[in-house]
Amino acid sequence: MPTSKGQSTLEVPAPAVAIRVAVLTSIAMMAFAANSILCRLALKNTSIDPATFTSTRLASGALALWVLLTFRQERQTLHYNWPSALALFGYAAAFSFAYVSLSAGTGALLLFGSVQATMIVTGLLRGERLSFAAGLGLALALGGLMALVAPGVEAPPTMGSLLMIMAGSAWGLYSLRGRHSADPVLATTSNFLLAVPMALVINGIYIPWANFDPQGLLWAMLSGTLASGMGYILWYAVLPKLTSTRAAVVQLSVPVLAALGGIAFLGERLTLRLVVSAAVTLSGIALVIISKSSSAQTKST
């Protein structure tokens, strides 16, 4: 079919792009949830120490990403971004050490609460504004998440809480920096390779308390190669298509998905509270995304 002047025959329709972004975002969120489950399995059910888990996770992820990069036809030079690598390392290390003393529910609340605070505040400072519908969706999503993890949660240990808040802030900054990445595979590989030496330094300091549990090492390697490395590539790929606010809210689905994964893989019990909170959280996320899409379409017409 002929096209009008200036219109490319290879242009992808907007609905197809939206569907692709939605699918890739969903897969990335499932990878993050799987990462949480693997961390729980390793740090709660095996004797591996958090430093060894962190270094194994980052090293295996770096190796898998480097191998993937070598199979690409074009040869590109790695671009080392120290701030992004430091944010990645800060998240991975603080996350592992925090879960030594925190319960899963408390850790999820602190982690994703600080992620949202970091990304939403940054978005607002950059001029993003929430419509009434988006604000309502955000409130529903946060309310659903708190309903999932808050009841019965005891006062968390101070050090563990600070570490998890640091992990969430680091992940929020890492996600924001990833929005400017032109090549997700190249950027993620570079960040992982830079983060490995940082993790090995902590591993060396922690060597008197090291415990190389075989099962824990396996979970750490799966966490690094599949849930982290591959998941981060997908996340970097979709971030340029998401606003800071939407990217922050979408990640609220991860604790819900992780809880559902716990039922499937860890034998955790399905409760009415989980069903209700999952429905409220995911409904809030959908409301934010729909309101943002409607706002963008209105501005373009």
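A residue counts as buried when its relative accessible area is under 20%. Phe32 has a relative accessible area of 10%, and is therefore buried. This residue makes a good starting point for a walk through the structure, which is a predicted model.

Phe32 has an aromatic partner in Trp171, itself buried at 6% relative accessibility. In all, the count of aromatic pairs comes to twelve. In the pair of Phe32 and Trp171, the ring centres are 5.2 Å apart and the planes stand at 85°, so the arrangement is edge-to-face. The two partners come from distant parts of the chain, 139 residues apart: Phe32 belongs to helix H1 (residues 14–45) and Trp171 to helix H6 (residues 158–178). A further edge-to-face pair is made by Phe97 and Tyr206, with ring centres 5.3 Å apart and planes at 85°. Here Phe97 sits in helix H3, while Tyr206 is in the loop between helix H7 (184–205) and helix H8 (214–238), so the pair ties together parts 109 residues apart in sequence. Both residues are partly exposed, Phe97 with a relative accessible area of 21% and Tyr206 with 24%. Phe32 and Trp171 also belong to one aromatic cluster, whose other members are Tyr91, Phe95, Tyr99, Tyr174, Phe192, Tyr232 and Trp235.

The interior can be followed further through the nonpolar cores. The largest of these has 69 residues, and Leu58, Tyr91, Phe95, Met164, Trp171, Tyr232 and Trp235 have the most contacts inside it. Helix H3 (residues 82–98) gives the largest share of this core, ten residues. Another core, of five residues, lies apart from it and includes Leu148, Val256, Ala259 and Leu274. Leaving aside residues up to four places away in sequence, Met164 touches Phe95, Ala98, Tyr99, Leu102, Gly107, Leu110, Leu111 and Ser114.

Thr54 offers another view of the interior. This residue of helix H2 (residues 50–70) is buried, with a relative accessible area of 3%. Its contacts, again without residues up to four places away in sequence, are Ala92, Ala93, Ser96 and Ala199.

The surface has a nonpolar feature of its own. Phe132, Leu136, Leu140, Leu272, Val275, Val276 and Val280 form a patch there, with about 660 Å² of accessible area together. Two elements each give two or more residues to the patch, helix H5 (132–149) and helix H11 (272–300). H11 gives the most, with four residues. Phe132, placed in helix H5, has 72% relative accessibility and so counts as exposed.

Key. Residues are numbered from 1 along each chain as its sequence is written. This is a predicted model: local features need pLDDT of at least 70, side-chain atom pairs count only at pLDDT 80 or more; totals for chains, interfaces and linings use all residues. Side-chain values use heavy atoms; hydrogens and water are left out. Patches are made of residues with over 30% relative accessible area and no salt bridge: like charges are joined within 9 Å, nonpolar side chains (Val, Leu, Ile, Met, Phe, Trp, Tyr) within 5 Å. Accessible areas come from the Shrake-Rupley method with a 1.4 Å probe; for residues, only the protein chains shown count as cover. A salt bridge is a side-chain nitrogen of Lys or Arg within 4 Å of a carboxyl oxygen of Asp or Glu. Buried means under 20% relative accessible area, exposed over 50%, partly exposed in between (1.4 Å probe, protein chains only). Contact means heavy atoms within 4.5 Å. A nonpolar core is a set of buried Ala, Val, Leu, Ile, Met, Phe, Trp, Tyr and Cys residues joined through side-chain atoms within 4.5 Å. Rings of Phe, Tyr and Trp (its six-membered ring) pair if their centres lie within 6.5 Å; planes under 30 degrees apart count as stacked, over 60 as edge-to-face and the rest as tilted.
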